[in-house]
2 protein chains.
Amino acid sequence: MKKTDRAAAPGGTAMLVLALLSTGEMYGYQMIEELERRSERVFQLQEGTLYPLLHSLEKDGLVTARNAQAPSGRTRRYYRITTAGQRALEEKEREWRVYAGAVHAVLAGCTP
Amino acid sequence: MKKTDRAAAPGGTAMLVLALLSTGEMYGYQMIEELERRSERVFQLQEGTLYPLLHSLEKDGLVTARNAQAPSGRTRRYYRITTAGQRALEEKEREWRVYAGAVHAVLAGCTP
DNA sequence: CTATATACCTGGATTATCTAGGTATAGTAT
DNA sequence: ATACTATACCTAGATAATCCAGGTATATAG
């Protein structure tokens with residue numbers, strides 16, 4: 001994320017990455033572009049954030065990975081969400097809604 | 001915040017504290033209770049988070065503080081938001097809306 | 001044959017927050 | 001009297017997420 005968008009809400013970046021993967025297999029570099037596109041340029045995920053995160057998601061069994069040849073010939077590492085990953089995504093979405101709702105309630109109390 | 005709600009979105013906790021103060025003067029301990037109440041138990045601000053934060057908000061001129069006797073006799077440190085603090089709050093609210101909107105857009109793209 | 005875009009990776013710094021303490025006073029219960 | 005609880009403020013050190021700045025390597029364009 002950009003500095004100003006640092007520190008997402010509960011499980012923030014992991015949730016966004018899992019959300020991307022729930023739409024289909026993807027490789028790291030592609031996730032950065034996709035996230036930027038789908039957020040209309042708001043989220044600029046850094047490589048130094050993404051790659052270590054993917055490794056820990058893999059270690060936790062939320063995603064699986066495989067190496068494959070791109071049509072271009074370059075090797076890419078494709079990630080796929082697991083069933084556990086889907087469950088984790090749903091849980092994080094729930095938490096996000098609670099969190100965002102609470103922020104809204106506090107802000108609403110200050111501009112009536 | 002509770003561990004699960006760690007790391008709020010852009011300027012998260014500062015925004016919430018400024019939002020509280022925009023409704024009137026308040027002392028630290030009270031902010032913890034008020035935030036918990038207004039968020040319906042979602043946000044449990046920790047003292048170790050709040051007090052250093054208040055000091056840095058004061059240093060940045062976003063709030064001012066004064067000591068005063070409570071009816072009980074105990075001394076409290078009351079905080080008041082400044083004009084610069086109001087401006088900062090508005091800016092943080094704008095950022096929050098952009099951020100939350102982007103999260104929504106990404107999540108919407110995964111459960112059509 | 002060099003520059004740029006693609007593609008992955010890591011170590012160390014930065015920052016926000018938490019944990020776990022500390023101090024002190026007022027009110028309540030024993 | 002004495003201890004316990006709630007109130008009220010504070011800080012040092014640990015933890016965790018993210019960034020920064022680098023590194024490596026291949027394909028494509030000029």
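Is A:Glu40 buried or exposed? At 63% relative accessibility, A:Glu40 is exposed, because the threshold for that class is over 50%. The legends below refer to a predicted model.

**View 1. Chain A as a whole.**
Chain A holds 4 helices and 3 strands. Along the sequence, the elements run α-β-α-α-β-β-α. The chain has 112 residues, and 46% of them count as buried. Contacts in chain A with a separation of 6 or more were also sorted by distance along the sequence. Of these, 50% join residues 24 or more positions apart.

**View 2. The open sheet of chain A.**
The sheet of chain A is open and has 3 strands, in the order E1-E3-E2. Their pairing is antiparallel. Strand E1 (26–27) and strand E2 (63–69) of chain A are the edge strands. Each has a single partner strand, so one side of each has no neighbour in the sheet. Helix H1 (residues 12–21) of chain A packs on this sheet. H1 touches E1, E2 and E3 of chain A. The direction of H1 makes about 95° with that of E3(A).

**View 3. Pairing of E1 with E3 in chain A.**
Strand E3 of chain A spans residues 75–81. E1(A) and E3(A) are joined by 2 bridges, in the antiparallel sense. Which residue of E3(A) is the bridge partner of A:Tyr27? That partner is A:Tyr78.

**View 4. The E2–E3 hairpin of chain A.**
E2(A) and E3(A) pair over 7 bridges, again antiparallel. A:Val63 faces A:Ile81 of E3(A) across the pairing. A:Asn67 has A:Arg77 of E3(A) as its bridge partner. The two strands form a hairpin, with 5 residues between them. In the turn, A:Gly73 takes a positive phi of about 110°. Strands of a sheet pair through backbone hydrogen bonds, in either a parallel or an antiparallel sense.

**View 5. The largest pocket.**
How much space lies in the largest pocket? The value is about 190 Å³. The lining includes A:Tyr27, A:Gly28, A:Tyr29, A:Tyr51, A:Leu54 and A:His55. Also in the lining are A:Arg74, A:Thr75, A:Arg76, A:Arg77 and A:Tyr79. Helix H2 (28–38), helix H3 (47–59) and E3 of chain A each give two or more residues to this lining. E3(A) gives the most, with 4 residues. By residue class, the lining divides into 5 nonpolar, 3 polar and 3 charged. Two of the residues named in earlier views appear here too: A:Tyr27 and A:Arg77 belong to the lining. A:Tyr27 is the bridge partner of A:Tyr78, and A:Arg77 that of A:Asn67.

**View 6. Glu40 in chain A and in chain B.**
A:Glu40 sits in the loop between H2 and H3 of chain A. Its phi is positive, about 50°, although A:Glu40 is not a glycine. A:Glu40 is exposed, with 63% relative accessibility. In chain B, B:Glu40 lies in the loop between helix H2 (28–38) and helix H3 (47–59). B:Glu40 has a positive phi of about 50°, and this residue is not a glycine either. B:Glu40 is exposed as well, with a relative accessible area of 61%.

**View 7. A buried glutamate in chain B.**
B:Glu93 belongs to helix H4 (residues 83–108) of chain B. Why does B:Glu93 count as buried? Its relative accessible area is 10%, and buried means under 20%. Neighbours within four places in sequence are set aside here. Beyond those, B:Glu93 is in contact with A:Leu107, A:Cys110 and B:Met15. Contacts of B:Glu93 thus involve residues of both chain A and chain B.

**View 8. Helix H1 of chain B.**
Helix H1 of chain B covers residues 12–21 and is mostly covered. How many of its residues are buried? The count is 10 of 10. Among them are B:Gly12, B:Thr13, B:Ala14, B:Met15 and B:Leu16. B:Val17, B:Leu18, B:Ala19, B:Leu20 and B:Leu21 are buried too. B:Met15 is also one of the contacts of B:Glu93. An α-helix has 3.6 residues a turn, so residues three or four places apart point the same way.

Definitions and conventions
Residues numbered from 1 in each chain as written. Chains lettered and ligands numbered in written order. Predicted model: local features only at pLDDT ≥ 70, side-chain atom pairs only at ≥ 80, totals over all residues. Heavy atoms only, no water. Pairing = 2+ DSSP bridges. Contact = heavy atoms within 4.5 Å. Axes fitted to C-alpha atoms, helices over the stretch in contact; angles between N-to-C directions. 1 Å grid on protein atoms, 1.4 Å probe; cavity = no way out; pocket = protein on both sides within 12 Å on 5 of 7 lines; lining within 4 Å. Points joined across faces, edges and corners; volume = space filled by probe spheres on them. Nonpolar A, V, L, I, M, F, W, Y, C, P; charged D, E, K, R; others polar. Buried < 20%, exposed > 50% of the residue type's maximum accessible area, 1.4 Å probe, protein only.
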